[in-house]
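Student: I have a structure open and want to test the terms used for it. Can we go through them one by one?

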Amino acid sequence: MLDARAWLLWALAVLVTASSTRNPLYVVLVLLIAAAVELACTPRRRAVSHRRAASARRALPSAFRFGAVAVPLATVFNGLTVHFGETVLFRLPAWLPLLGGPVTLEACVYGAINGLTLTAIFSGFSTFNRVTPARDLVRLTPRAFHEAGVVLSIALTFVPQMTRSLSRIREAQAVRGHRVRGLRDWLPIFVPLLISGLERALGLAEAMVARGYGAISDQAHSLRAQALLALGLLALLLGWLATLFLPQWRMAGIGGMIAGAGLIGGLLWQAGRSVAHTTYRTRRWTARESLAVLGCAVTLAVLLAPLPLADRETLYYSPYPHLALPPFDPVIGLGILGLLVPALAAKAEEPQPDD
Amino acid sequence: MRRIISGIIYILSAAIGVLAFVYPFFADASRQPQASAHTQDAPLITAALVGLSVIALLVELQGRAISAKTVALLGVLVALTSVLRFIETAVPMPGGFSPIFAPIILAGYVFGSRFGFLMGTFTLLASALITGGGGPWLPYQMFTAGWAGMTAGWLARITHHTGRFRESIELVTLCAFGFAWGLLYGAIINVYFWPFAAGPAAQAWTPGLGLWETLGRYGAFYAVTSLGWDMARAVGNVALILLLGPATVRALTRFRRRFYFEVQPDA
């Protein structure tokens, strides 16, 4: 299995790829790649939990189910509200606000492409969620969010316990003749669950204090850091406003946004340095991870960088005003195939038995 | 001084959120059609900006040392809320109903706005981890749910001044609040999908399409695709708060006293 960081980069690459094109051929290619990676990499769990296994089996349909809703919805919506294009399917009476006017094939097609794009993004992230265990994701929390990571770990640990105590409370109430018929009958189950959970939180807090949690890290951050944070947000906001509304200040606006993001990132890094952090079992970044990242980098380079070979105009397919076959540039197609590399990299280590 | 700066941080991050909410309407009106190459990454930039402002707010809230008690309480309440989703499967509810909002609002109401914000963001984050629903829309969800919890904390300041009918006033206010956030949440999350559904500004571009017409379009989009869905969420929130609200508020208030009980030893 690959490192969660590599998978995160992969998911971001899928996001960027899918949202930087409206050419249906490329979008479908991304969809297929996401499905293939998911099939290849979903971990086969050795009966760790039945629910997990069940959800893994449901994995593929979830993206399809999403698409089955998103594509028709986007088609109908775009078809009914955008009255461009030359191939008129039928006309709605003009007195209808917004909907009135010709309904064109082009608008419907464009809506369908939008739906497909959304589905591709969704399937990329659902693959990401399937192939990386939640624990690994929690470990991705930056060090500055040490407390946030602790909260998440507690939550993830307590969910199974809570589920168990939920069923215990239900059984106890059932023995007393309580039956769940409607929403109202959940109150005698919910209140004991809440109170026992709160009791447990008290116990946990005391145990944490007893083990020295928060004994040293109670320094609030300095006034200067706080002011810098405010400054970073201000730079972000002003930069964004400038790029949106003042075309002549566009470059300055982008600079402002980058400066703001850098400032906030720097503060995070600064805050993270003060947190001492040890890991019990370290995951190593191996050649496989580098290979996977390289594959994603190739895709992004082909899509975003002005390379001489790739015809980037094919990314901006538009069905208006007259429907035509979308163009396909083999170089870009090959570049998108770079997203498949993580699947191969993950497969390469398969024979080695993992802990 | 500290308070002023943190107020400024709240206002700025809220402004970024609001701008993320309204910018598609302005962008549609002001963009030139040939700018198509850049409009396509607009949703990405928006998601990144909203994510950054969530991060900034988290840093700000976290900066004031979170005690072990808050950490434990947050963790357990988030876990509890995730388990509450079993109601969702046990009692089939239509549309966008999800039982996670009522606990966020109630916890924010009892434990204050800071706790409410953390509760909202972490609940969404944890349930995204558990159910595998994470994606570029997650910053929006965390941001919106966080603000729902935060504003619930402000609500407490208003109702605490009421006298004799406090409990019933509390309940009515909370119900109205849950209803409003049920609709608002949907409207805000939709904005993420809006650029996809309507197409980037330039390609669904109509000559002379003004701000009002774009707003009208969004209204139609909203009414067609999500009003019913969101109404189910709003009504579900009201039902859950009516049902669980009084008992939960009572239990949480009792535990608040126990939780924030501190011994201060002589130095």
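Tutor: Start with helix 2 (residues 24-41) of chain A, in what is a predicted model. This helix has 18 residues and reaches 26 Å from its first C-alpha to its last.

Student: How do you know that this span fits the length of helix 2 of chain A?

Tutor: Set it against 1.5 Å a residue. The expected span is 26 Å, and the model's 26 Å is close to it.

Student: What makes V30(A) a buried residue of helix 2 of chain A?

Tutor: The cut-off is 20 or more other C-beta atoms within 10 Å of its own. V30(A) is listed as buried, so it meets that count. Other buried residues of this helix include Y26(A), I33(A), V37(A) and E38(A).

Student: Why is V30(A) counted in the largest nonpolar core, of 156 residues?

Tutor: Core members are buried residues of nonpolar types, Val among them, joined through C-beta atoms within 7 Å. V30(A) is one of those that touch the most other members, along with W10(A) and F122(B), among others. The largest share of this core, 14 residues, comes from helix 5 (residues 105-131) of chain A.

Student: Which residues does F122(B) contact beyond four places in sequence?

Tutor: In chain A, V151(A), L152(A) and A155(A); in chain B, L74(B) and V78(B).

Student: Where in chain B is the predictor's confidence under 50?

Tutor: Over residues 28-39, and again over residues 199-208. The chain's mean pLDDT is 72. Among its elements, helix 2 (residues 36-39) of chain B has the lowest mean, 44, and helix 5 (residues 101-111) of chain B the highest, 86.

How values were computed: Residues are numbered from 1 along each chain as its sequence is written. Chains are lettered from A and ligands numbered from 1 in the order in which they are written. This is a predicted model: local features need pLDDT of at least 70, side-chain atom pairs count only at pLDDT 80 or more; totals for chains, interfaces and linings use all residues. A residue is buried if 20 or more other C-beta atoms lie within 10 Å of its own, exposed if 12 or fewer, and partly exposed in between; C-beta atoms are placed from the backbone. Helices (H or I, at least four residues) and strands (E, at least two) are DSSP runs, numbered from the N terminus. Two residues are in contact if their C-beta atoms, placed from the backbone, lie within 7 Å. pLDDT is the predictor's confidence in each residue, from 0 to 100. The expected span of a helix is 1.5 Å times one less than its number of residues.
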